[in-house]
Amino acid sequence: MRLRDTLHMSMGTLLSNKLRSTLTLVGIVAGVASIIAVMTAISVVQSTMEREMSVLGAQTFQVQKWPAGGFHSDADRRRAMRRPPLTLQDAAAIRERVESVDLVGSELWDFGFVVEYNGESTNPNVSICGGTPEYPQNNTHYVGLGRNISPIDVMGARNVAVIGYALGKKFFPFVDPIGKMIRVDKRKYEVVGVFDEKKSAFGAGYDNYVLIPVSTFIKTYGLTDRNGFPRSVNITVRAKTPELIGDAIGQTRQVLRSERGVKPNEVDNFEFFNSESLITRFNEMSMSVKIAAFVIGIIALLVAGIGIMNIMLVAVTERTREIGIRKAIGAKGITILTQFLLEAVILCNIGGVIGVIVGFGLGNLVALIAHFDVNVPMQWAVIGLVFCSAVGIVFGLLPAIRASRLHPIDALRYE
């Protein structure tokens with residue numbers, strides 16, 4: 001019998017036993033959907049995270065006291081707290097002694113301030129950044145209107161500010177904001193520029209902050225925070241080319257270890273991170289979730305496979321006379337085996353396709369709810385369907401072998 005005829009008979013058998021086929025599909029759909037849904041959700045978050053984390057660009061990295069990805073333990077947190085703060089002098093040393101970089105910026109941050117203009121005010125959720133003129137290039141957040149803070153602004157500790165897009169839209173929807181006086185934390189600043197809009201899917205305040213000269217920040221708020229802890233400077237460094245970023249990080253490490261008196265046998269008392277390292281860290285964190293989802297999905301598929309095997313064994317028993325008649329008129333054992341295997345594989349793949357569609361839908365609910373980019377990881381769809389085929393072959397093999405080995409006379413006598 002030709003394979004096409006065997007396939008036609010397999011489909012006919014499945015369609016003639018709709019209830020049994022549907023019950024068998026449930027486990028397959030659940031197993032595949034659970035894998036695809038989790039992998040899709042992670043892919044949605046991952047693609048958005050990668051876009052968000054690309055804020056530093058391909059040739060820029062940052063040096064800071066605190067690890068960018070948080071702490072692994074309380075011991076790590078206590079160790080980081082004991083580190084001396086990074087200083088403007090550290091930034092100056094990098095600027096002067098590292099030949100593979102062309103821009104070195106300094107940033108000091110504080111959060112939770114109110115901005116006022118002409119009787120209107122914001123919620124107390126505006127951030128203040130005391131920065132240097134390198135800020136826009138090193139953070140890929142450029143000034144769209146007006147100008148950036150200048151070296152003269154920094155040297156003179158002038159009360160000038162570049163405001164975020166959201167603040168410009170709130171206070172100056174119909175007028176030119178350049179030259180207007182606003183109050184930031186009840187202190188007057190002249191608006192010299194407005195940043196381009198930079199939305200964040202995670203709610204980061206890219207458009208809700210004020211950039212002032214770092215010298216003005218220090219003059220106003222000092223080098224200790226509200227709790228009396230020393231402020232640590234975030235140092236942003238841009239390599240001359242993307243290819244030099246590895247060399248730039250290595251040279252910066254040597255300069256800072258020398259500048260901060262780190263002994264040869266001691267670990268760094270500062271942290272590096274760039275866009276690539278942030279993305280790698282996120283991928284490492286999400287790997288355990290991927291593995292867990294994969295294991296759960298495989299267990300669900302194995303349970304479904306056992307169900308398929310039992311149902312196929314029942315089908316063999318019910319169709320014993322049919323098998324006997326087919327063998328009596330010349331059907332070979334391999335043909336019977338192929339038909340039953342095809343039934344199992346087709347059933348598994350129908351369930352797999354439904355599971356993939358359901359999984360994509362459930363996974364992308366994250367994108368719809370959180371306004372992330374929709375993502376369809378086709379590689380996981382292929383993996384899911386391959387596993388479905390494997391489950392159909394492995395768990396359909398025993399019933400298929402049993403059916404193919406039935407003796408035609410014994411099968412015909414079966415009641």
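**Exercise 1. The contact of α11 with α12**

Task: In this predicted model, find which residues of α11 meet which residues of α12, and state how the two helices are oriented to each other.

Solution.
Step 1. Locate the helices. Helix α11 covers residues 320-328 and helix α12 covers residues 333-363.
Step 2. List the residues in contact. On the α11 side they are E322, I323, R326 and K327. On the α12 side they are G333, T335, I336, Q339 and F340.
Step 3. Sort these residues by character. The contact of α11 with α12 is made of three nonpolar, three polar and three charged residues.
Step 4. Read the geometry. The axes of α11 and α12 lie 10 Å apart, and the angle between them is about 140 degrees.
Step 5. Classify the angle. Over 145 degrees would count as roughly antiparallel, and 65 to 115 as roughly perpendicular. The helices α11 and α12 are therefore oblique to each other.
Step 6. Add the handedness. The crossing of α11 past α12 is right-handed.

**Exercise 2. Two salt bridges between distant parts of the chain**

Task: Describe the salt bridges D90 with R260 and E259 with R97, and decide for each residue whether it is buried or partly exposed.

Solution.
Step 1. Take D90 and R260. Their closest N and O atoms are 3.1 Å apart, and the pair forms a salt bridge.
Step 2. Place the two residues. D90 belongs to helix α4 (residues 88-97), while R260 sits in the loop between α9 (245-259) and β12 (271-274). The two are 170 residues apart, and the pair links distant parts of the chain.
Step 3. Check burial. D90 and R260 are both buried.
Step 4. Take E259 and R97. Their side chains meet in a salt bridge with an N to O distance of 3.2 Å.
Step 5. Place this pair. E259 is in helix α9 and R97 in helix α4, 162 residues apart.
Step 6. Check burial again. Partly exposed covers the range between the buried limit of 20% and the exposed limit of 50%. E259 has a relative accessible area of 37%, so it is partly exposed. R97 has 43%, so it is partly exposed as well.

**Exercise 3. A salt bridge and a network**

Task: Compare the burial of the partners D153 and R158, then name the residues that shared salt bridges join into one network.

Solution.
Step 1. Confirm the pair. D153 and R158 form a salt bridge, with the closest N and O atoms 2.8 Å apart.
Step 2. Compare burial. D153 has a relative accessible area of 0% and is buried, whereas R158, at 35%, is partly exposed.
Step 3. Name the network. D110, R226 and R231 are joined into one network by salt bridges that share partners.
Step 4. Put these pairs in context. The whole structure contains eleven salt bridges.

**Exercise 4. The surroundings of T87**

Task: State where T87 lies and which residues it touches.

Solution.
Step 1. Locate the residue. T87 is in the loop between α3 (74-81) and α4.
Step 2. Judge its exposure. With a relative accessible area of 27%, T87 is partly exposed.
Step 3. List its contacts. Leaving aside residues up to four places away in sequence, T87 touches V233 and I235.
Step 4. Add a distance. S106 is 19 residues from T87 along the chain, and their C-alpha atoms are 8.6 Å apart.

**Exercise 5. The whole protein**

Task: Find how many helices and strands the protein has, and what share of its residues is buried.

Solution.
Step 1. Count the elements. There are 15 helices and twelve strands.
Step 2. Take the buried share. Of the 415 residues, 46% are buried.
Step 3. Consider sequence separation. Among contacts between residues at least 6 apart in sequence, 78% join residues at least 24 apart.

Methods. Residues numbered from 1 in each chain as written. Predicted model: local features only at pLDDT ≥ 70, side-chain atom pairs only at ≥ 80, totals over all residues. Heavy atoms only, no water. Axes fitted to C-alpha atoms, helices over the stretch in contact; angles between N-to-C directions. Helix = DSSP H or I, 4+ residues; strand = E, 2+ residues; numbered from the N terminus. Parallel < 35°, antiparallel > 145°, perpendicular 65-115°, else oblique. Left-handed = near helix turned anticlockwise from the far one by under 90°. Contact = heavy atoms within 4.5 Å. Nonpolar A, V, L, I, M, F, W, Y, C, P; charged D, E, K, R; others polar. Salt bridge = Lys/Arg side-chain N within 4 Å of Asp/Glu carboxyl O. Buried < 20%, exposed > 50% of the residue type's maximum accessible area, 1.4 Å probe, protein only.
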